[in-house]
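Biologist: Please pick one part of this model and take me through it closely. I'd also like to hear how far the prediction can be trusted there.

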Amino acid sequence: MEKLTLVVAFLLLSSIFIQPLTAQSSCKGVKKDTWPELLGVPAKLARGIIQKENRKLTNVSNVLNGSPVTKDFRCDRVRLFVNVLGYVVQTPRVG
């Protein structure tokens, strides 16, 4: 219960810095391309939030922070860089 309280408090405090939902992305049909409010959130919860906000993002995957990744840009992909405990440690973004 304490963890849930901390997550909710974090999300409420970080909402001050949230990118407006009306901001346009460089990808057609994707309205929001970054999620700074998901830093420190468990990856499973972050994935659910991202996919709920935009059904076009079909490839939301966990990547261990520091692992090599390809440099190609894809409008259907969001990488969740996580630590060994499964918490998001970098701002998730489309690409």
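Modeller: Buried here means under 20% relative accessible area, exposed means over 50%, and partly exposed is what lies in between (1.4 Å probe, protein chains only). Helices (H or I, at least four residues) and strands (E, at least two) are DSSP runs numbered from the N terminus. With that settled, let's go to β2: six of its six residues are buried. This is a predicted model, so local features need pLDDT of at least 70 and side-chain atom pairs count only at pLDDT 80 or more, while totals for chains, interfaces and linings use all residues. Numbering starts from 1 along each chain as its sequence is written, and side-chain values use heavy atoms, with hydrogens and water left out.

Back to β2, which spans residues 77-82. Cover comes on both faces of the strand. Arg-77, Arg-79 and Phe-81 are buried on one side, and Val-78, Leu-80 and Val-82 are buried on the other. The partner is β1: six bridges join it to β2, and the two strands run parallel (strands pair if DSSP finds at least two bridges between them). If you want a spot to look at, Val-60 stands opposite Val-78 in β2. For context, the protein has two helices and two strands, in the order α-α-β-β from the N terminus on. Of its 95 residues, 31% count as buried.

Now step back along the chain to Cys-75, in the loop between β1 (59-64) and β2 (77-82). Cys-75 is partly exposed because its relative accessible area is 34%. The C-alpha atoms of Cys-75 and Asn-59 are separated by 9.3 Å, with their positions 16 residues apart along the chain. Leaving out residues up to four places away in sequence, Cys-75 touches Cys-27, Val-30, Leu-57 and Val-94 (contact means heavy atoms within 4.5 Å).

One of those contacts is a disulfide, which is counted when two cysteine sulfur atoms lie within 2.5 Å. The sulfur atoms of Cys-27 and Cys-75 are 2.1 Å apart, and the structure holds one disulfide. Distant parts of the chain are linked this way: Cys-27 is in the loop between α1 and α2, Cys-75 is in the loop between β1 and β2, and the two are 48 residues apart. The torsion about the S-S bond is about -80°, so the disulfide is left-handed. Unlike the partly exposed Cys-75, Cys-27 counts as buried, because its relative accessibility is 3%.

The loop between α1 (2-14) and α2 (43-53) also holds Glu-37. That residue counts as buried because its relative accessibility is 7%. Its C-alpha atom is separated by 8.1 Å from that of Phe-10, 27 residues apart along the chain.

On trust, pLDDT is the predictor's confidence in each residue, from 0 to 100. The mean for the protein is 84, and 80% of the residues reach 70 or more. Happily for this tour, β2 has the highest mean pLDDT among the elements (95), and α1 has the lowest (68). Take care over residues 19-24, where pLDDT stays under 50 and the model has seven contacts beyond four places in sequence. Where pLDDT is low, the predicted coordinates should not be read in detail.
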